[in-house]
Amino acid sequence: MAQEHDNRPRLPGRAFQSGTKHTRGRGMVGMGGERPRARGLPAESDLINLPPPIRAEGPPLWETINARRSARRYGGAPLSLQELSQLLWACQGITAERRGLSFRATPSAGALYPVDTYLLANAVDGLPAGIYRYVPEAHGLVLVREGAMGQEGCAAAMDQGMVHDAQATFFWAATFARARWRYGERCYRYAYLDAGHIAQNLALAAVGLGLASCQIAAYYDDECDALLGLDGEDQTVVYMSVVGRSQG
């Protein structure tokens with residue numbers, strides 16, 4: 001029986017799980033050298049400033065957790081810029097600054113933050129339809145592609161209509177080099193964990209605003225990367241969520 005087990009094909013998922021294990025006496029070795037530079041702040045003229053996030057009051061946490069559900073039918077009024085501001089801040093907004101360090105709303109291994117938040121705006125008051133990248137340090141957006149992208153986003157998400165109908169779709173894209181220099185191949189695990197933390201914060205923030213969300217892991221990787229202008233190898237989409245006004 002042991003021989004049969006050893007002869008089974010090494011499937012990619014199993015190879016990944018096995019190849020990125022920590023075992024006693026053998027950890028994942030980082031690449032060393034100089035830490036990759038963080039993405040610099042955009043020029044002021046390129047930055048779309050968002051309203052300041054609300055940091056106090058709001059619905060009780062336990063009620064918010066209890067009310068969270070995945071919704072797949074969307075419509076109704078556009079999101080306001082204040083609602084969008086709150087959602088983005090909950091994802092990766094700066095919550096404190098101490099001794100030159102910035103702390104974000106969600107945890108990240110080694111505070112390396114390899115995951116960026118991108119937004120496909122279908123219907124947001126005061127924001128033209130298009131794809132944007134969130135800049136946590138400035139709490140603002142940078143335009144990546146202008147124009148109605150709902151249909152392209154829907155196609156990239158395996159034709160899930162909610163991407164076309166929802167007011168906004170959030171994409172999380174990992175730049176693995178930001179974590180690989182310290183964690184080696186283990187960085188891939190950490191990037192996916194980071195994205196999960198971010199998505200859960202978004203889901204709870206949506207409930208707190210009276211909105212709905214649905215998390216998406218079924219998508220065509222290459223098509224999503226092309227939509228955001230990513231190379232698909234060093235930078236790639238690792239998770240998605242739609243947010244908007246649920247229609248039942």
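C91 is buried, at a relative accessible area of 0%. Here buried means under 20% relative accessible area, exposed means over 50%, and partly exposed lies in between (1.4 Å probe, protein chains only). The model is predicted: local features need pLDDT of at least 70, side-chain atom pairs count only at pLDDT 80 or more, and totals for chains, interfaces and linings use all residues. Residues are numbered from 1 along each chain as its sequence is written, and side-chain values use heavy atoms, with hydrogens and water left out.

**Cysteines**

How many disulfides does a search of the whole structure find? Zero. The criterion is a pair of cysteine sulfur atoms within 2.5 Å. For C91, the nearest cysteine sulfur belongs to C214 and is 15 Å away. For C154, the nearest is that of C224, 11 Å away. C154 is also buried, with a relative accessible area of 6%.

**Cores**

The largest nonpolar core has 36 residues. Such a core is a set of buried Ala, Val, Leu, Ile, Met, Phe, Trp, Tyr and Cys residues joined through side-chain atoms within 4.5 Å. Those with the most contacts inside it are L84, L87, L119, L127, L141, F170 and W172. Elements giving two or more residues include α4 (81-92), β4 (115-121), β7 (168-175) and β9 (235-244). Helices (H or I, at least four residues) and strands (E, at least two) are DSSP runs, numbered from the N terminus. The largest share, nine residues, comes from α8. A second, separate core holds 25 residues, among them A157, A212, C214 and L230.

**Strand β8**

Strand β8 spans residues 212-216. Four of its five residues are buried, so β8 is largely enclosed by the rest of the structure. Its partner is β9: five bridges join the two strands, which run antiparallel. Pairing requires at least two DSSP bridges between strands. C214 stands opposite V242 in β9.

**S85 and H139**

Where is S85 found? Helix α4 holds this residue. S85 counts as buried, at 0% relative accessibility. H139 lies in the loop between β5 and β6. H139 is buried too, with a relative accessible area of 12%. The side chains of S85 and H139 are joined by a polar contact of 2.7 Å. A polar contact is a pair of N or O atoms within 3.5 Å; within protein, one must be able to donate a hydrogen and the other to accept it, and residues adjacent in sequence count only if both atoms are side-chain atoms. The S85 side chain also reaches the backbone oxygen of P51, at 2.4 Å.

Contact means heavy atoms within 4.5 Å. Not counting residues up to four places away in sequence, S85 touches L50, P51, P52, P53 and H139. With neighbours within four places in sequence left aside, H139 is in contact with N49, L50, P51, P53, S85, W89 and Y134. S85 and P52 are 33 residues apart in sequence, yet 7.0 Å apart in space, C-alpha to C-alpha.

**Helix α9**

Helix α9 covers residues 221-228, and its buried residues are C224, D225, L227 and L228. They span an arc of only 155° around the axis, so they sit on the same side of α9. The arc is that of the directions from the helix axis to the C-beta atoms. An α-helix has 3.6 residues a turn, so residues three or four places apart point the same way. The face turned away from the buried side carries the exposed residues D222 and A226. What covers the buried residues includes β4, β5, β6 (140-146), α5, β7 and β9.

**Positive phi**

Which residues take a positive phi? The table lists three cases.

| Residue | Phi | Place |
|---|---|---|
| E57 | about 60° | loop between β1 (47-49) and α3 (61-67) |
| M158 | near 55° | loop between α5 (150-156) and α6 (162-165) |
| G229 | about 75° | just after α9 |

E57 is not a glycine, and M158 is likewise a residue other than glycine. Exposed or buried? E57 counts as exposed, at 82% relative accessibility. M158 is partly exposed, with a relative accessible area of 38%.
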